[in-house]
Amino acid sequence: MARYPKRQKVKRYRRSFYTREMRLKKGIGIAVLVVAVLAAAWVAAPHVLDWATHTWYTVVRDRDLSASSAVSESASSGAQSTAASEPAASSVPEKEPEPEVKGTDIVTGLWAEVDVTTLTDEAAIRSAARQLKAQGMTYAILTLKDTAGQVYYASQTAVGAANAAPTQVELTSVASIFKEEGLVPVAALTAFRDPAGARADHALAIRYQGQEYLWLDNKASAGGNPWLNPYAAETVQYIGDLIAEVHAAGFDQVLLENVQFPSSTSAKQDYGTTNGVDRAGQLTADIAAWQARFGDTVTLWYGYSLAEVTGSSSQLGAPAAQLGVKNLLVKVPSSSTLDAAAREEMTLSLTEAGVEHVVIRDDAASYFE
């Protein structure tokens with residue numbers, strides 16, 4: 001029997017041969033696949049959770065989620081509405097700022113006179129102002145032109161400069177410091193009782209009838225003095241110019257005193273052309289001229305005695321309230337027994353006569369509104 005040779009078994013191996021480029025592509029493909037799966041899961045997750053939650057509550061717990069959702073939305077909307085309305089409801093309306101008090105405004109308070117000859121420097125001015133404020137004063141009256149006709153500041157008018165008082169005050173400093181200390185400075189000017197002014201400029205003065213001599217309110221040997229002429233336009237202009245000067249220096253309120261004629265009346269007085277206007281009519285015209293010139297820029301006060309306010313006199317020709325004054329300061333003598341009731345009655349009668357503000361002076365130092 002013939003013998004065949006024994007076959008050898010052949011082993012076969014399946015091997016994959018990958019290049020580096022192929023491995024890189026495969027890795028990138030796997031990474032892209034993973035990212036895609038994660039993205040799909042991210043997008044689908046809310047829907048799956050909603051479905052699972054809805055199924056749990058509706059099937060397992062037997063609850064109506066649609067109603068609960070409506071209530072929740074309503075509550076949320078209400079909370080937002082409340083939150084939106086709370087600021088409006090809780091916000092407190094801002095308090096309107098109080099109107100600024102102007103220098104020309106008239107306020108209630110005590111009045112006092114100041115000796116201008118003591119206001120020699122800034123320290124003295126501030127000290128005087130603080131003393132008045134400590135005493136409870138609101139208004140401070142400073143006589144800047146007295147009954148002798150002396151002017152206590154550097155006036156630029158010819159007549160005022162010719163009659164400069166020995167003591168001169170720096171008006172701007174006085175006005176500003178008094179205001180800083182909470183006071184209302186009031187410049188007091190004597191009007192027609194002005195012998196120095198009459199002597200400085202005869203065009204302003206009352207004269208003897210038909211003569212160039214100045215009329216005197218008494219015999220020269222007895223110390224008679226000339227007066228300014230209320231009928232003269234130059235006189236009204238001069239007083240107005242003084243008002244303008246003190247206002248420019250910071251005085252918003254001015255007290256005019258002796259806006260009147262001399263007490264004596266005689267045929268020897270020469271007032272020039274009067275056009276038939278009586279004393280009361282001329283004083284009314286002078287007051288109206290100053291008011292028209294300064295309007296609301298200066299608060300003008302007029303000082304008269306109690307007798308001139310309550311009755312008629314030769315100096316005015318009518319009670320002071322009938323002269324067209326808006327702001328009246330009544331000087332009451334110390335011997336008067338004017339009680340509170342009488343004051344109130346007088347103030348009421350003056351107001352009814354057209355006076356807007358009344359201040360009653362009790363003595364030489366204090367005034368009360």
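## The largest pocket

How do the residues of the lining of the largest pocket divide into nonpolar, polar and charged? In this predicted model, the lining holds three nonpolar, six polar and four charged residues. The pocket itself has a volume of about 210 Å³. Its lining is made of 13 residues, and those closest to the centre are Ile-106, Asp-296, Thr-299, Asn-327 and Glu-356.

Two of these names return below. Thr-299 belongs to strand 7, which spans residues 299-305, and Asn-327 belongs to strand 8, which spans residues 327-331.

## Strands 1, 2 and 3

Strand 1 (residues 110-114) runs parallel to strand 2, and five bridges join the two. Within this pairing, Val-114 stands opposite Leu-142 of strand 2. Between strand 1 and strand 2 the chain passes through helix 3 (residues 122-134), and the resulting β-α-β crossover is right-handed.

Strand 2 (residues 137-145) also pairs with strand 3, in the parallel sense and over six bridges. Here Ile-141 is the residue that stands opposite Val-186 in strand 3.

## The covered strand 3

Strand 3 comprises residues 184-190, and seven of its seven residues are buried. In a regular strand the side chains alternate between the two faces of the sheet. For strand 3, one side carries Val-184, Val-186, Ala-188 and Thr-190, while the other carries Pro-185, Ala-187 and Leu-189. The residues on both sides are buried, so both faces of strand 3 are covered; buried here means a relative accessible area under 20%.

Strand 3 is joined to strand 5 (residues 253-257) by five bridges, and this pair too is parallel. Ala-188 has Leu-255 of strand 5 as its bridge partner. Strand 3 thus has bridges to strand 2 and to strand 5.

## Strands 7, 8 and 9

Strand 8 is mostly covered, with four of its five residues buried. Parallel to strand 8 runs strand 7, and four bridges join them. One of the pairs in this contact is formed by Gly-303 and Leu-329, the latter in strand 8.

Strand 8 is also joined to strand 9 (residues 357-361), by five bridges and again in parallel. Leu-328 faces Val-358 of strand 9 in this pairing. The chain travels from strand 8 to strand 9 by way of helix 10 (residues 340-352), making a right-handed β-α-β crossover.

## Helix 7

How far does helix 7 reach from its first C-alpha to its last? The helix covers residues 233-248, 16 in number, and its reach is 22 Å, close to the 22 Å expected at 1.5 Å a residue. Its buried residues are Thr-235, Val-236, Tyr-238, Ile-239, Gly-240, Leu-242, Ile-243, Glu-245 and Val-246. Just after the helix, Gly-250 adopts a positive phi of about 120 degrees.

## Two asparagines with positive phi

Asn-258 and Asn-275 both have a positive phi although neither is a glycine. The angle is near 55 degrees in Asn-258 and about 55 degrees in Asn-275. Asn-258 lies in the loop between strand 5 and strand 6 (269-270), whereas Asn-275 is placed in the loop between strand 6 and helix 8.

Which of the two words, buried or exposed, applies to Asn-258? Asn-258 is buried, because its relative accessible area of 13% falls under the 20% limit. Asn-275 is exposed, because its value of 69% is over 50%.

## Residues apart in sequence

Gln-282 is part of helix 8 (residues 279-294). With a relative accessible area of 11%, Gln-282 is buried. Gln-260 is 22 residues away from Gln-282 in sequence, and their C-alpha atoms are 9.6 Å apart in space.

Asp-201 occupies the loop between helix 6 (195-200) and strand 4 (207-208). Its relative accessible area of 30% lies between the limits of 20% and 50%, and therefore Asp-201 is partly exposed. The C-alpha atoms of Asp-201 and Ala-158 are separated by 9.0 Å, although these residues are 43 residues apart along the chain.

Methods
Residues numbered from 1 in each chain as written. Predicted model: local features only at pLDDT ≥ 70, side-chain atom pairs only at ≥ 80, totals over all residues. Heavy atoms only, no water. Expected span 1.5 Å × (residues − 1). Buried < 20%, exposed > 50% of the residue type's maximum accessible area, 1.4 Å probe, protein only. 1 Å grid on protein atoms, 1.4 Å probe; cavity = no way out; pocket = protein on both sides within 12 Å on 5 of 7 lines; lining within 4 Å. Points joined across faces, edges and corners; volume = space filled by probe spheres on them. Nonpolar A, V, L, I, M, F, W, Y, C, P; charged D, E, K, R; others polar. Pairing = 2+ DSSP bridges. Right-handed = clockwise from strand over helix to strand, strands pointing away.
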